[in-house]
Amino acid sequence: MYKHIIVPMALDHGIAETTMEIARTLLSEGGQITALHVHETPNNSVGAYVDASVMENAFASAKAKMTDRVANMDGVKALTVKGHSGRTIVDTATSLKADCIVLGSHKPGLIDYLLGSTAARVVQHAPCAVHVARYPG
């Protein structure tokens, strides 16, 4: 089916097993799965009060957690990047020439209808197919 699938993962959400299972089902033989974590840095207002070394240590910690999380997943490559989650997922899928993104989404609340969720942004702007898995409940 798909040759390169991006699976965005938030380090604090538990849906990764579901999205990874979906990705494996959709993956062509010999295909590649990239587990992507987007590390969002504080905005400029907050960043002015946080030492650069603290932000770099936080990124290094997130990268290590992501690497550990996929260590036992055969054929899955970990990638941790900095940026805004929705935009960066789309940009990464574009630059890696992915043909599918599999991501999780929570049940939308009022704020999501006004501002848009990460999943909604990815669905609207992705250059490839997007499969969205809902959190249970």
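## The sheet

In this predicted model, five strands make up an open sheet with parallel pairing, and their order is S3-S2-S1-S4-S5. Strand S3 (76–82) and strand S5 (129–134) sit at the edges with a single partner strand each, so one side of each has no neighbour in the sheet. From one strand to the next, the twist averages 25 degrees.

Let's look at one pairing in detail. S2 (residues 27–39) and S3 run parallel and are joined by seven bridges. Alanine 35 has alanine 78 in S3 as its bridge partner.

## Helices against the sheet

Helix H1 (residues 16–26) packs on the sheet and touches strand S1 (2–8), S2, S3, strand S4 (100–105) and S5. The direction of H1 makes about 150 degrees with that of S2. Helix H3 (residues 52–70), for its part, lies across S2 and S3 and runs at about 165 degrees to S3.

## Two nonpolar cores

Which residues have the most contacts inside the largest nonpolar core? They are Ile5, Val7, Met9, Met20, Ala35, Val76 and Val102, in a core of 16 residues. S1, H1, S2, H3 and S4 each give two or more residues to this core, and H1 provides the largest share, with four residues. In soluble globular proteins, nonpolar side chains tend to be buried together.

Valine 102 is a handy residue to display on your screen. Leaving aside neighbours within four places in sequence, valine 102 is in contact with Ile5, Ile6, Val7, Pro8, Thr19, Ile22, Ala23, Leu26 and His131. There is also a second, separate core of 14 residues, with Val38, Val81, Ala93 and Ala119 among them.

Definitions and conventions:
Residues numbered from 1 in each chain as written. Predicted model: local features only at pLDDT ≥ 70, side-chain atom pairs only at ≥ 80, totals over all residues. Heavy atoms only, no water. Pairing = 2+ DSSP bridges. Axes fitted to C-alpha atoms, helices over the stretch in contact; angles between N-to-C directions. Contact = heavy atoms within 4.5 Å. Core = buried A, V, L, I, M, F, W, Y, C linked by side-chain atoms within 4.5 Å. Buried < 20%, exposed > 50% of the residue type's maximum accessible area, 1.4 Å probe, protein only.
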